[in-house]
Amino acid sequence: AKKAGLGSLARLIPYKGQGRSNMPKRGSKRVKKRTHADSAQDEPPAELSGQPIPRSMIVRAPKTKLPHLLQILQMELRKVMSPNTALELRERKFNVLKDYTHVAQLLKVTHLLLLSPGGKRPKAEAKATGAKAGSAEAKEGVATMGAGALLKVGRLPQGPTLTLRIVKYSLCRQVRATQKRTFDVSTLYDTAPLVVLNNFGAADATGGEATPAHVKLMRITFQNMFPPLDVAAVRLAECRRVVLFNYDKDKQVVEMRHYAIRANPVAMSRPVKRVMLTSGAKALPDLGEYDDISDWLLGKVAADEASDSEGEDEANHVVLPQKMRGKGNAASMTSAVKLHELGPRVTLKLFKVERGFCEGDVMYHSIEQRTAQEVAVQRQAKKEAEDLKQARREEQEGNVARKKEVEDEKRAKKRARKEAWEAAKEAKEREGGEGGGSEESQSGEDSQASESASDGASDGE
């Protein structure tokens, strides 16, 4: 990841000893195993049970620059996919697609989502996509923004790749601006959300036409982006969020919504809820003018404040088989389950489907419709291009190998000449050393002869 220029991927990298506190150490690191057992060892991960967890990375497309609002949408989509996504991934402008795919293989990432600002939109989609008068967004007051951005959802490592056009979207802050009471807790994103797919059926119940293949592919892709749900082993305390994908057959768009699951106990009046569910002295009512709390519960205040459960629809009343998050949501208790929208809202339209990962022949195109003959011609042309590319690669590899052989031969000849020159130099130096020794011995004999001759002459005198 460091070589590819990517930032922190700690949320995707499981490592031994995660979650342990930093203990004072002397010599080697101290690990308290008796009192600080690793909580990750209590329950085996889903990979060990035979159900791999889908992991994702949401990044911008290479060689593109996202506007500020799309950058915010990118971070909010990462929160929707939490916790099995690279939430704190930092990108750099020189990152290419190969960097992401290489890191994804190391971290066992199954889906790569590429967000790009897109180019020119078709004339049919170039009109303003803001909230029209009388629409649901206009009635709720939610601000919507038109976007020609593209979202590519690719399955690693072999595809397919879905290219979706973002028709319009609303950020979380725009959704919260229309709500009377906002609800956003950071612990909601500690567990994966549930997935609800609507109108993605295989066939009409009345015996109508079957769902097209590209719609089925969208359903399978959206479903496999999130962890599978085991109904027998699911815990209600972990069911905190819901992601809804609704397919509109008439407009051929997919509406994505993000909700939080809340449960409130029923058959309880507002005064009782106020006492049971609130904490702190300031939240309690002022009972100074009452002799007993029953006077406040059964008196005029209780009569004026009707029960919350009286006006609610009983269809959302369920008996909890397990304990759920929230006060009063104990097992075997009746609670009203409600959904609170968190955002963002995104409207997607399928643009193109490719067989491979960001490559391969086009299986579906929303604008260009080609016949089987045209598809066969396209495949043949692509096959010829791939064969030509392979032939050029082999030719280039052959040229490189031949050049390497020539360089090796030149290097070997140069090495042989150098060795021959060094051998000749050593031989010459050896011969020079021997010749110098003989000259010294001859000069020594001559000096001795001259000395003896001089001695004889002195004696004769």
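Me: How do the residues of the lining of the largest cavity divide into nonpolar, polar and charged?

Reply: This is a predicted model, where local features need pLDDT of at least 70, side-chain atom pairs count only at pLDDT 80 or more, and totals for chains, interfaces and linings use all residues. Residues are numbered from 1 along each chain as its sequence is written, and side-chain values use heavy atoms, without hydrogens or water. Ala, Val, Leu, Ile, Met, Phe, Trp, Tyr, Cys and Pro count as nonpolar, Asp, Glu, Lys and Arg as charged, and the others, Gly among them, as polar. By that scheme, the lining of the largest cavity has no charged, no polar and 17 nonpolar residues.

Me: Which lining residues are the closest to the centre of the largest cavity?

Reply: A cavity is a set of points on a 1 Å grid over the protein atoms alone where a 1.4 Å probe fits but cannot get out, and its lining residues have an atom within 4 Å of a point. Its volume is the space filled by probe spheres set on the points, which are joined across faces, edges and corners. For the largest cavity that comes to about 150 Å³. Of its 17 lining residues, the closest to the centre are Leu77, Leu113, Leu151, Met225 and Met256.

Me: How many polar residues are in the lining of the second largest cavity?

Reply: This cavity holds about 40 Å³ of space. Its lining includes Pro54, Met81, Asn84 and Phe226. By class, there are seven nonpolar residues, no charged ones, and polar ones numbering three.

Me: Which strands each supply at least two residues of the largest nonpolar core?

Reply: A nonpolar core joins buried (under 20% relative accessible area, 1.4 Å probe, protein chains only) Ala, Val, Leu, Ile, Met, Phe, Trp, Tyr and Cys residues through side-chain atoms within 4.5 Å. The largest has 33 residues, and Leu73, Phe200 and Phe245 are among those touching the most other members. Helices H1 and H5 (213-224) each supply at least two residues of this core, and so does each of the strands S2 (111-116), S4, S5, S7, S8 (253-265) and S11.

Me: Which residues is Leu73 in contact with, leaving aside its neighbours within four places in sequence?

Reply: Leu73 is among the members of the largest nonpolar core that touch the most others. Contact here means heavy atoms within 4.5 Å. With neighbours within four places left aside, the partners of Leu73 are Ile166, Tyr169, Leu171, Pro344 and Val346.

How values were computed:
1 Å grid on protein atoms, 1.4 Å probe; cavity = no way out; pocket = protein on both sides within 12 Å on 5 of 7 lines; lining within 4 Å. Buried < 20%, exposed > 50% of the residue type's maximum accessible area, 1.4 Å probe, protein only. Helix = DSSP H or I, 4+ residues; strand = E, 2+ residues; numbered from the N terminus.
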